[in-house]
Structures are given as C-alpha cells and as structure tokens.
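This report introduces a structure to a reader who has not met it before. Please look over the sequence and the model before reading on.

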Amino acid sequence: MIDSYGRRINYLRISVTELCNLRCKYCMPEKGINKCSHKEILRIEEFLKIAKSFVNNGIDKIRITGGEPLVRKGVLTLIKGISRIEGVKDLAMTTNGLLLKEYAKDLKEAGLNRVNISLDTLNESKYKEITNGGDLNKVLEGIEEAKKVGLTPIKLNVVLVKDFNEDEIEDFINLTKDHEIDVRFIELMPIGDLKYWALNKYLSNDIVLEKNKELIKIENEDKSSPAKYYKLPNGKGRVGIINPISCKFCENCNRLRLTADGKVKTCLHSDDEIDIGKVLRNGENIDDAIVEIIKNKPKEHNLEQGNYINRTMTAIGG
Ligand code: SAM
Ligand code: SF4
C-alpha cells in the first residue's frame, strides 16, 4: 500500500516480547522495565492473524524482534505460520544470538530466511560489561550455527558507543574481509528511560569512514534500506552505515512496527500508537484499521527538536 507521502509500505517489524535475557546499557534499564500484564501481550495466534491482514494490505517483508525474540515461547510456531502466508517474500529475525546455537536449525526449518545479530564488541569482558553479564562465546557459537544452517546473509548490528567500541571499528570491518557477512554500524538513538545515557554516549558514524579510507562505496539494491554500503577492496562481506541521527531517512521509510502488547507504531520516534490488538479482540475489521494506519503514517520524525519517545527500545524492537 502507498501512504499519503507516496511511500510504498511493505515492511513490518513484529516485537514478540518485551522481555530479554540481556540488559544492554543503551536499551534495557538495569532494574528491568515495567512489564505489561500477561493479558495484554498478544498470543501467537493473534500475532498471526494481524500479520495476515498486514500481508493482505501490501506487507511482504517481516522481521521478528523483541526484547529477545528467542525467549518468547511459541516463536517457532509463529515463524512457521508467517512463512506460510502467501505474499511473504522475506522473513528475518533480529536477535542477540545467545540462544541461536540451540535454535538455528529449527528456525531455518520453520521457514526463517535470515538473521541479524547484535554484537557491539569482540572482547569477552567488554561484552559482559555492555550487556550486563552476557557471554560472548555463546553469540559467536550462534553465528557459526546460523551460517551452518543457512540463515544467511548474516548481518551484524554494531551500535557505536563513545569511549566503548570506537577502537574496535577496524576489527569489525576486517571481519568482512574473509567472511560473507555484513557488518552494520548504527548510531545510538535517545529512546525511553535511557535517552540521556544515549545522548551522552552518542558517536557519529562519520568516524567509520574517517578512520577507514580504503572502504569503497557500493550501490545498495534495496532502496528502502536505511544502510549505505561500502566494501573493503576484495572484501567478501559489506560494511553498512546506518545514521538515524546524523542523516534521517524518513523519505524512504517503508516500515511499521507491531509491539508485543498489540500496538502499531508508524514511526519509531513518535509516541503515537494504534491499538490493533484491541481492534482484533473487539472483533472489529483489522483490514480497515490497517488501511487507516498506513494512510496516517507521519511524513517524518522530529528527533532534532528533542522529541524523544517514552517507550523503551526493548518494548519496540529496534
Ligand atoms: N534483542 C534483540 C537484539 O538485541 O538484537 C532484538 C531487539 S533489539 C531492541 C534490536 C536492535 O536495536 C539491536 O540491534 C540493538 O542493538 C538496537 N538498539 C537498542 N537500543 C538502541 C538504541 N538506543 N539506539 C540504537 N540501537 C539500539
Ligand atoms: Fe535485549 Fe536486544 Fe535490548 Fe540488548 S538490545 S537489552 S539484547 S532487547
């Protein structure tokens, strides 16, 4: 479906849980979040019904995210169901990778095409620090397993954090020399309770290109993707730069987000939400609601004016 600003809206990100087995410093407050009541969280069959309606209305690309999607009971059933909806061309997941070794094969068999894995450091003790206790080796094993079963192309999401990982940019880039993976550097966004932490630790992505002059710009076939891509000479993988802050990409934004408690967000940086879970539970027409949602997707966000949202990232899904 085309929205009021001529954008083709074809991408839905579904956050299947707001819970997580990590506490990344920029995403999840150490004390945890104010959890929704169990009743408010959509059941797997409800996610499936809503996803079907979105696909009826032009969505052909779906990403499963969270919180950590692999801690949600029934996630494999959901993936199996979504992969069978006619019209879904791409089904991906964003995960912290901790449980990937265990789940990769089943995910592939359920119909998942590929995974993005979040990894901000290649150093074991720094990983423990930024995630508040995570085990880097589990993530590395998860990446290997994902490769083995063909959940590819694999993309690594690296959030740039000042005074934390700028000294590892080159190490991450070097991973693309011999491996067919994309390493994507993402600017820290001020979101929810942790917005001040993020503002303090923000680092512009410009540093990646300034420090690595040998990177060669390449065309990104996916015009709606926020990533600009580069390559090392003879590199097997790509280096992506995603600048939500220093370079906004609202003009090409093709995405909608469904939260675990049944709200649709038409813009990551707006607190406006439409309660599609309620529409479903009240037996109202979901297709009509979706048409209205797409029509009302805002033109752009106003982050630069300091309009930061309240919902934490773990309850949105990135
Ligand atoms: N738990 C999964 C994971 O970490 O991949 C999926 C959910 S997580 C919220 C999705 C993505 O959002 C991750 O790549 C994470 O690094 C990113 N993220 C979280 N908070 C962020 C922030 N404040 N700014 C930029 N990216 C953020
Ligand atoms: Fe959990 Fe992902 Fe947020 Fe880290 S970024 S706390 S892994 S939801």
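The sections below treat the ligands, the helix packing and the backbone of this predicted model.

## Surroundings of ligand 1

Ligand 1 has 18 residues around it, and those that come nearest are Tyr26, Gly67, Ser118, Met189 and Met313. By class, the shell around ligand 1 consists of 6 nonpolar, 10 polar and 2 charged residues.

Polar contacts to ligand 1 involve both side chains and backbone. Tyr26 places a polar side-chain atom 3.2 Å from an oxygen atom of the ligand. Asn157 likewise has a polar side-chain atom 3.4 Å from an oxygen atom of ligand 1. In the case of Met189, a polar backbone atom is 2.8 Å from a nitrogen atom of ligand 1. On its own, ligand 1 has 550 Å² of accessible area, of which the protein covers 95%. Two elements, β3 (90-95) and β5 (154-160), are the ones that give two or more residues to the shell around this ligand.

## Surroundings of ligand 2

The residues that surround ligand 2 are Cys20, Leu22, Cys24, Cys27, Met28, Gly67, Asn96 and Thr314. The shell around ligand 2 contains 5 nonpolar and 3 polar residues, and no charged ones. Gly67 is named among the residues that come nearest to ligand 1, and Gly67 is also one of the residues surrounding ligand 2.

## Packing of helices

Two packed helices are described by the angle between their axes and the distance between the axes. Helix α3, residues 100-110, packs with helix α5, residues 136-149, at an angle of about 20°, and their axes lie 8 Å apart. Because angles under 35 degrees count as roughly parallel, α3 is described as roughly parallel to α5. The crossing in which α3 passes α5 is right-handed.

A second pair is formed by helix α1, residues 44-56, and helix α10, residues 286-295. The axes of α1 and α10 are 9 Å apart and meet at an angle of about 60°, and the two helices are therefore oblique to each other. The crossing of α1 and α10 is right-handed.

## Backbone features

Most residues other than glycine have a negative phi, and most peptide bonds are trans. Where does the backbone depart from a trans peptide bond, with a cis bond and omega near 0°? The cis bond runs from Thr152 to Pro153, and Pro153 is found in the loop between α5 and β5.

Asp163 is a residue other than glycine with a positive phi, near 60°. Asp163 lies in the loop between β5 and α6 (169-178).

Methods: Residues numbered from 1 in each chain as written. Chains lettered and ligands numbered in written order. Predicted model: local features only at pLDDT ≥ 70, side-chain atom pairs only at ≥ 80, totals over all residues. Heavy atoms only, no water. Near = heavy atom within 4 Å. Polar contact = N/O pair within 3.5 Å; in protein donor to acceptor, adjacent residues only side chain to side chain. Areas by Shrake-Rupley, 256 points an atom, 1.4 Å probe, with all protein chains shown as cover. Helix = DSSP H or I, 4+ residues; strand = E, 2+ residues; numbered from the N terminus. Nonpolar A, V, L, I, M, F, W, Y, C, P; charged D, E, K, R; others polar. Axes fitted to C-alpha atoms, helices over the stretch in contact; angles between N-to-C directions. Parallel < 35°, antiparallel > 145°, perpendicular 65-115°, else oblique. Left-handed = near helix turned anticlockwise from the far one by under 90°.
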